[in-house]
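Subject: Structure handover

Hello,

Here is the structure I promised to pass on. Please load it first; my notes on what turned up follow below.

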Amino acid sequence: MTAIEALRAVPSIPRRDDAPIFAEPWEARAFALAVHLNERGLFSWAEWAGRFGANLRANTEAGECLTYYEVWWQTLEEFGEEKSLASSTERARRAAEWREAAARTPHGQPIELRRSGSAG
Amino acid sequence: MSHDPAGDDQHGHHDHSHLEGMELKVRTLESLLVEKGYVDPGALDEIVETYETRVGPRNGARVVARAWRDPAYLERLRQDATSAIAELGFTGRQGEHMRVVENTPEIHNMVVCTLCSCYPWSVLGLPPVWYKSAPYRSRAVSEPEAVLAEFGVTLPEGKTIRVWDSTAEMRYLVLPERPAGTEGWSEERLADLVTRDSMIGTGLARAAGEVS
């Protein structure tokens with residue numbers, strides 16, 4: 001499944017011509033993550049489209065609290081949990097590490113995690 | 001998660017970096033998946049790169065085209081870029097404090113930043129993948145000619161290169177030189193000449209002959 005095929009399989013993706021349009025850079029990252037995990041065989045695109053579509057409908061019924069790519073992201077986190085790729089506990093811990101890394105990084109420097117055990 | 005619309009600016013006054021909201025969530029999951037070997041960061045970058053020119057409307061191209069055609073607009077852009085850009089209806093959380101740096105026959109400007117949160121994507125579109133890399137940042141400062149050469153940009157001898165460092169307080173838009181042979185062109189046609197890279201200074205505007 002290429003990105004273009006993925007687009008065609010989820011017809012609601014905001015796009016112009018045959019390319020998706022993103023409102024913010026993280027949305028492009030989220031799009032790429034789903035396409036890539038599918039390429040790596042961690043789920044089929046039919047499975048992705050099914051779950052994402054259901055989440056999208058639920059969001060619409062709930063009054064569209066989330067944006068399109070926030071629902072996309074919700075689906076990614078669900079798959080991460082269910083397929084034991086990354087649990088919510090792991091995510092919470094890692095998010096805290098990133099926050100700490102940002103807090104000790106002067107503005108304008110790249111934010112990097114300081115891994116225990118790594119030299120330097 | 002609440003998002004205070006003025007929050008981003010307030011953060012700008014602190015001296016350290018912030019990761020919040022969706023940017024934090026994405027970085028969190030991505031780093032876990034890379035660490036566990038589920039995700040190849042190179043392949044991910046490649047997918048993003050394929051679409052990197054497609055974030056939002058390329059509002060900056062309109063700003064540049066207007067400035068080329070309209071001297072009064074150019075003057076307002078020089079005085080207060082933030083307001084001049086807002087005149088065209090372009091405002092966004094990331095685009096607030098803008099300054100325009102003008103390329104001239106004597107000066108070429110390029111912009112560096114290591115944080116995508118500094119990047120005015122509402123004006124420029126999605127940042128290129130390499131833009132956030134530490135090597136790009138340090139080399140752009142230490143050997144800008146070599147970096148430009150790698151992007152296929154050769155500047156005339158004697159031209160001064162100025163490198164600007166984006167911060168949370170100030171984001172830059174490079175105003176590329178207007179290509180020769182475009183006299184009398186419409187704003188729309190001119191905007192087609194303005195590439196994302198020309199607005200961060202790692203490229204020049206397209207030549208008149210490159211578009212129909």
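In chain A, 48% of the contacts with a separation of 6 or more are between residues 24 or more positions apart. One caution before the rest: this is a predicted model.

**Chain A overall**

Chain A has five helices and two strands. Read from the N terminus, the order is α-β-β-α-α-α-α. The chain has 120 residues, and 43% of them are buried. Its accessible surface is about 6000 Å². Carbon and sulfur atoms account for 51% of that surface.

**Chain B overall**

Chain B has eleven helices and four strands. Of its 212 residues, 49% are buried. Take the contacts in chain B between residues at least 6 apart in sequence: 69% of them join residues at least 24 apart. The exposed area is about 9800 Å², with 50% supplied by carbon and sulfur atoms.

**Cores**

Which residues touch the most other members of the largest nonpolar core? They are B:Trp68, B:Leu77, B:Ile85 and B:Leu173, in a core of 43 residues. Helix H4 of chain B (residues 59-69) gives this core its largest share, six residues. Another core, of 34 residues, lies apart from it. Its members include A:Trp26, A:Ala30, A:Ala32 and A:Val35.

B:Trp68 has a long contact list, even with neighbours within four places in sequence left aside. Among its partners are B:Leu175, B:Pro176, B:Glu177, B:Arg178 and B:Pro179. B:Leu190, B:Leu193, B:Val194 and B:Ala205 are also in contact with B:Trp68.

**Aromatic rings and charges**

The search of the whole structure gave 14 aromatic pairs over all chains. One of them is A:Phe43 with A:Trp48. That pair is stacked, at 5.6 Å centre to centre and 20 degrees between the planes. Both A:Phe43 and A:Trp48 are buried. They also belong to one aromatic cluster, together with A:Phe31, A:Trp45, A:Phe52, A:Tyr68, A:Tyr69, A:Trp72 and A:Phe79.

Two arginines sit over rings. B:Arg27 lies over the face of A:Trp98, 4.9 Å from the ring centre. The charged end of B:Arg66 is over the ring of B:Tyr73, at 5.7 Å from its centre.

B:Arg66 appears again in the surroundings of B:Glu187. B:Glu187 is in helix H10 of chain B (residues 187-191). Its relative accessible area is 18%, so it counts as buried. Beyond its neighbours within four places in sequence, B:Glu187 is in contact with B:Arg62, B:Ala65, B:Arg66 and B:Arg69.

**Helix H8 of chain B**

Helix H8 of chain B covers residues 134-142, and its buried residues are B:Tyr136, B:Arg137 and B:Ala140. Why do they line one face of the helix? Seen down the axis of H8(B), they fall within an arc of 100 degrees, so they share that face. B:Pro135 and B:Ser142, on the other side of H8(B), are exposed. The buried residues of H8(B) pack against three elements of chain B: strand S2 (107-112), helix H9 (144-150) and strand S3 (160-165).

B:Tyr136 is also one of the contacts of B:Thr202. B:Thr202 lies in the segment after helix H11 (196-200) of chain B. It is buried, at 2% relative accessibility. Its other contacts, leaving aside neighbours within four places in sequence, are B:Met110, B:Trp130, B:Leu148, B:Phe151, B:Val153 and B:Asp197.

**Strand S2 of chain B**

B:Ile107 is in strand S2 of chain B. At 17% relative accessibility, B:Ile107 is buried. B:Lys159 is 52 residues away along the chain, yet the C-alpha atoms of the two are separated by 5.6 Å. Apart from neighbours within four places in sequence, B:Ile107 is in contact with B:Glu102, B:Lys159, B:Thr160 and B:Arg162.

**One backbone oddity**

Most residues other than glycine have a negative phi. A:Ser84 is not a glycine, but has a positive phi of about 55 degrees. Where is A:Ser84? The residue lies in the loop between helix H4 (68-82) and helix H5 (88-103) of chain A. A:Ser84 is exposed, with a relative accessible area of 55%.

Best wishes

Definitions and conventions:
Residues numbered from 1 in each chain as written. Chains lettered and ligands numbered in written order. Predicted model: local features only at pLDDT ≥ 70, side-chain atom pairs only at ≥ 80, totals over all residues. Heavy atoms only, no water. Buried < 20%, exposed > 50% of the residue type's maximum accessible area, 1.4 Å probe, protein only. Arc of directions from axis to C-beta. Contact = heavy atoms within 4.5 Å. Areas by Shrake-Rupley, 256 points an atom, 1.4 Å probe, with all protein chains shown as cover. Core = buried A, V, L, I, M, F, W, Y, C linked by side-chain atoms within 4.5 Å. Phe/Tyr/Trp six-rings, centres within 6.5 Å; stacked < 30°, edge-to-face > 60°. Lys NZ or Arg CZ within 6 Å of the ring centre and 35° of its normal.
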